[in-house]
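Dear colleague,

I am passing on the structure below, together with some notes on how its helices and strands are arranged. Please read the notes alongside the coordinates.

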Amino acid sequence: MAWRIGVDIGGTFTDVALVDDATGEIGVAKAPTTPQDFAAGVLSALAQAMERYGVQAANVGLLAHATTVVTNALLEEKGARAAVIMTRGFRDVLELRRSARPDLYDLFQDAPAVLAPRRRRFEITERIGADAEIVIPLAEDEIDGLIEALKADKVEAVAVSLLFSFLNPAHEQRLGERLRAGLPGIPIYLSCEVLPEIKEFERASTTAVCAYVGPILASYLDRLVQATDALGLPPMYVMGSNGGVFEAAEGVAMPAMAVESGPAAGVVAAALAAAQCGRPDLLSFDMGGTTAKASLIQNGKYETTPEYEVGGGASANRWMNGTGHPIRVPVIDLAEVSAGGGSIAYVNELGLLKVGPQSAGAAPGPVCYGQGGERPTVTDADLVLGYLDPDHFLGGAMTLDVAAAKDALAKDVAAPLSMSVEQVAWGVHDIVNESMVAATRAHAAEKGVDLRNFAMIAFGGAGPVHAYALARKLGLKRLICPYGAGVASAIGCLAAPPAVDLVTPHFAPLASMDWTAVHAAFAQMRHSGEASLAKLVGDSSEIVMQRSMDLRCQGQGYAVTVAIPDGDAISLPALHADFADIYQGVYGHAPPDVPLEVVGLRARVLEPRTELYFAAEPNSEGADALKGSRPVCFDGAEGYCDTPVYDRYRLAPGKVIPGPAVIEERETTIIVGPDASFHRDAAANIVIEFEG
């Protein structure tokens with residue numbers, strides 16, 4: 001018997017999901033996140049889950065882990081003391097950025113803070129040309145002085161990004177060799193190793209992100225790996241932003257791969273649910289303690305994007321270009337806003353009610369947790385509205401303080417606005433929902449998707465609480481809350497395949513490509529990918545490679561990625577047609593009638609994961625699912641109405657129950673409004689159908 005265990009660290013809680021591969025039995029657990037030492041919260045949640053389900057370490061075949069360490073370091077601007085070394089004359093590339101701005105008409109907006117201030121941005125004399133030839137030799141006599149300056153500045157990591165190193169890495173490699181010898185114990189990140197592809201700003205930004213978060217991620221993973229090894233658990237995988245898992249050491253070498261680790265795991269879980277419930281087109285909605293995320297599942301698959309922005313301070317939004325630090329790594333495409341259960345509600349200087357992006361997080365957490373929080377949050381508002389049972393939170397493991405939540409809302413929000421506590425509680429709930437609706441609509445518009453043709457799948461601790469209102473605003477007809485919705489990202493870790501993404505620069509007109517050289521490059525990438533995966537899966541005959549090409553119109557500066565089918569025969573007309581379709585989707589018009597050129601080759605090497613299936617906990621035979629009722633507010637204008645409360649685990653399959661209703665389970669609560677009905681399907685999903 002072998003169990004798979006997935007762990008996801010959220011802003012408020014650390015989630016664990018276990019599944020027995022032999023029987024499909026699934027188990028879940030939650031424990032408070034411990035920001036002062038994330039590993040402590042992980043070990044506590046693991047111990048709780050393994051004890052509850054009688055799992056021995058020797059019977060665990062897989063341990064996979066999604067982390068928010070990288071994202072939090074960037075969002076909170078609490079990364080390592082990093083230095084950056086550039087070609088002489090290009091010291092300020094990170095500060096000059098691109099021309100993209102989140103608001104074209106705001107003359108006073110600030111760009112995100114540079115990860116390395118100017119005093120820690122250094123230059124070295126050298127120059128590689130655009131033809132890969134050496135224009136100015138590397139000034140080796142400057143390196144010793146550079147090392148002394150780095151030592152004097154007590155840097156904790158160094159990023160090196162020299163011009164055209166992706167074409168000729170000789171200077172970067174030599175500089176890296178000298179730096180590693182002169183700065184033992186200090187991680188050195190070279191752009192030719194991190195991101196060997198065109199675009200100097202994006203390459204420098206990705207390398208700087210790695211240096212900024214690398215020491216923090218390495219320290220955290222080292223402690224966690226040592227602790228899990230001591231328990232006798234198998235080697236730990238880390239969830240990647242691309243929807244695959246990789247070895248912990250790979251994450252230390254390339255921290256940018258783990259930027260959206262937790263949200264990516266949630267989308268993988270949504271795709272798994274789409275396959276199991278037979279609905280290939282879904283809008284996934286994941287809301288936890290600090291953020292809310294939306295992503296599209298089309299034809300049962302999620303989409304990745306090769307470029308992403310992360311961090312940038314409190315005002316950053318995933319769906320507003322120019323607010324963060326660009327990274328060029330494959331990331332599952334999603335819309336993300338700073339709106340979660342811990343988001344703080346306040347009245348701004350204009351006298352308007354605002355929610356977030358500041359969050360109470362896990363420490364001190366919402367006021368109602370009774371752990372020292374003093375500022376009202378979304379969870380406090382949801383409690384006042386009747387959505388949460390103060391005596392049933394986390395299955396009764398935590399008691400919520402309703403009076404404290406009301407007092408905080410009254411003091412900080414209701415009194416300044418001369419409104420009642422109930423009115424401002426509804427306002428907080430509605431503002432958070434509107435924020436996510438705006439991000440979701442923008443995300444769908446980018447894809448040219450009509451959301452009315454999609455069902456929503458909701459998960460995360462706060463997702464099913466807010467999903468009804470969100471789906472209603474978006475005009476959706478169906479809402480699905482899967483079994484284990486409160487720990488879905490941990491479940492996603494169990495379904496994610498071991499995978500590695502590779503890129504090779506390759507410049508040539510498409511019409512005159514040397515296809516022998518192309519196939520040789522892909523063969524080399526497959527060899528490199530298999531070598532990386534061998535550390536995780538050993539010698540495997542199941543490894544597959546997915547190939548693609550970065551193509552652009554001749555004379556343009558930006559490329560799109562086009563998939564290439566397996567095999568040696570590649571059809572140029574098919575490539576042109578696929579490029580035109582993707583180009584149309586990205587830019588809204590057909591490409592100009594000019595020749596195409598290739599700028600890079602990409603490969604994803606992976607071992608498909610054994611199909612995962614769940615056997616939900618059996619119903620309590622003959623037990624009544626109705627637990628009682630309580631006042632719940634579904635509309636700020638209409639106030640509260642007496643609402644039945646159901647136990648999810650006692651619901652009989654197939655029985656349709658009209659709303660309104662509150663459905664409680666251990667890890668989350670599902671809200672059903674008066675204009676909807678719900679039933680439990682054969683796979684233990686709660687399916688909510690809207691009237692009309």
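One open sheet holds 4 strands in the order S25-S28-S26-S27, paired in the antiparallel sense, where two strands count as paired if DSSP finds at least two bridges between them, and where helices (H or I, at least four residues) and strands (E, at least two) are DSSP runs numbered from the N terminus. Strands S25 (499–509) and S27 (560–564) are at the edges with a single partner strand each, so one side of each has no neighbour in the sheet. On average, and with direction ignored, neighbouring strands of this sheet are turned by 25° against each other.

The model is predicted, so local features need pLDDT of at least 70 and side-chain atom pairs count only at pLDDT 80 or more, whereas totals for chains, interfaces and linings use all residues. Residues are numbered from 1 along each chain as its sequence is written, and side-chain values use heavy atoms, with hydrogens and water left out.

Within the sheet, S26 (residues 544–553) and S28 (residues 596–606) run antiparallel and are joined by 10 bridges; Ser 548 has Arg 602 in S28 as its bridge partner. Two helices lie across these strands, with contact meaning heavy atoms within 4.5 Å, and with axes being lines fitted to C-alpha atoms (for helices over the stretch in contact) and angles running from 0 to 180 degrees between N-to-C directions. Helix H15 (residues 515–537) lies across S25, S26, S27 and S28, at about 30° to S28, while helix H16 (residues 572–587) lies across S26, S27 and S28, at about 145° to S27.

Helix H14 (residues 488–495) is largely enclosed by the rest of the structure, because 8 of its 8 residues are buried, that is, under 20% relative accessible area with a 1.4 Å probe and protein chains only. The axes of H14 and helix H9 (residues 261–277) come within 7 Å and cross at roughly 75°, and the two helices are therefore roughly perpendicular, a term that covers 65 to 115 degrees. Among the H9 residues in this contact are Gly 262, Ala 265 and Leu 272, and among those of H14 are Ala 488, Ile 491 and Cys 493.

Elsewhere, strand S4 (residues 60–66) is mostly covered, with 6 of its 7 residues buried. S4 pairs in the parallel sense with strand S1 (residues 3–9) over 6 bridges and with strand S11 (residues 236–239) over 3 bridges. Ala 64 in S4 stands opposite Gly 6, and its bridge partner in S11 is Tyr 237.

With best wishes

Note on methods. Buried means under 20% relative accessible area, exposed over 50%, partly exposed in between (1.4 Å probe, protein chains only). Angles under 35 degrees count as roughly parallel, over 145 as roughly antiparallel, 65 to 115 as roughly perpendicular and the rest as oblique.
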